[in-house]
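Student: I have a new model open. Can you show me how to read its features?

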Amino acid sequence: MDSKTLPSHRSVTLRRYAVTSLKVAAFFVGWALSTAITIPAKNPAVWRFFAELTPMLSMVLLTVVFILIERRKVAVPIREHAGKGALVGLIVGIAWIGLAAGVLLATHQLTIAGGNMVQLPWLWMLSAFVNVVMQELLVRGYIYQLLKTNCNLPVAVVVSTALFTLVSVGRLQPQIVETI
């Protein structure tokens, strides 16, 4: 074959990056739209649960659809060391929160003045767990694996970290709107 008929390595690489960028954008926008779904619940605990569950289910559905579109060239290793990862995450999370609360209490920046009765505390905790799972899928799921496979590890880390930061600062997190 003539060298003029073969696409240059640079154009193939640029096209792969462009297609990968479009897939990342489509996946993220599809997920972000699910956070805009109105949750019709009067109980704040029930509202929070469904406000967390909806984006997580959307994340799982989009992950399955996009992996099928990729013809399984991109794998999301969710079962690798899941038990160990959950246990380590639980221990580190408790230690992190305990350390922060301990420092705040010791420096009198945090005081416990009384108690409130929280309705359905188990549902609030389940909601927090669902949120953590959804964010893990966002950060280490399809987008990360796609970028790592089609670009490189530094790009995957930077982009997934930027998306996590965007989500974590509350720009795309569902918020409880108080009615007067």
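The dialogue below goes through helix packing, burial and surface.

Tutor: Keep in mind that this is a predicted model. Let's start with helix packing.

Student: At what angle do helix H2 and H4 pack?

Tutor: Angles under 35 degrees count as roughly parallel. Helix H2 (residues 44-69) packs against H4 at about 20°, and the two axes lie 9 Å apart. That angle makes H2 roughly parallel to H4. Their crossing is left-handed.

Student: Next, burial. Is helix H5 largely enclosed or open?

Tutor: Buried means under 20% relative accessible area. In helix H5 (residues 142-150), seven of the nine residues are buried, so the rest of the structure largely encloses this helix.

Student: Which residues of H5 are buried?

Tutor: Tyr 142, Ile 143, Tyr 144, Gln 145, Leu 146, Leu 147 and Asn 150. Take Leu 147 as a link to another helix. Its C-alpha atom is 8.3 Å from that of Val 159, 12 residues away along the chain. Val 159 sits in helix H6 (residues 153-168).

Student: Why does Val 159 count as partly exposed?

Tutor: Partly exposed lies between under 20% and over 50%. Val 159 counts as partly exposed because its relative accessibility is 27%.

Student: Now the surface. Which residues form a nonpolar patch there?

Tutor: Patch members need over 30% relative accessible area. Here the patch consists of Leu 104, Leu 105, Leu 110 and Ile 112, with about 360 Å² of accessible area together.

Student: Where is Leu 110?

Tutor: In the loop between helix H3 (82-106) and helix H4 (121-140). Leu 110 has 34% relative accessibility, so it counts as partly exposed.

Methods: Residues are numbered from 1 along each chain as its sequence is written. This is a predicted model: local features need pLDDT of at least 70, side-chain atom pairs count only at pLDDT 80 or more; totals for chains, interfaces and linings use all residues. Side-chain values use heavy atoms; hydrogens and water are left out. Patches are made of residues with over 30% relative accessible area and no salt bridge: like charges are joined within 9 Å, nonpolar side chains (Val, Leu, Ile, Met, Phe, Trp, Tyr) within 5 Å. Accessible areas come from the Shrake-Rupley method with a 1.4 Å probe; for residues, only the protein chains shown count as cover. A salt bridge is a side-chain nitrogen of Lys or Arg within 4 Å of a carboxyl oxygen of Asp or Glu. Helices (H or I, at least four residues) and strands (E, at least two) are DSSP runs, numbered from the N terminus. Buried means under 20% relative accessible area, exposed over 50%, partly exposed in between (1.4 Å probe, protein chains only). Axes are lines fitted to C-alpha atoms, for helices over the stretch in contact, and angles run from 0 to 180 degrees between N-to-C directions. Angles under 35 degrees count as roughly parallel, over 145 as roughly antiparallel, 65 to 115 as roughly perpendicular and the rest as oblique. A crossing is left-handed if the near helix is turned anticlockwise from the far one by less than a right angle, and right-handed if clockwise.
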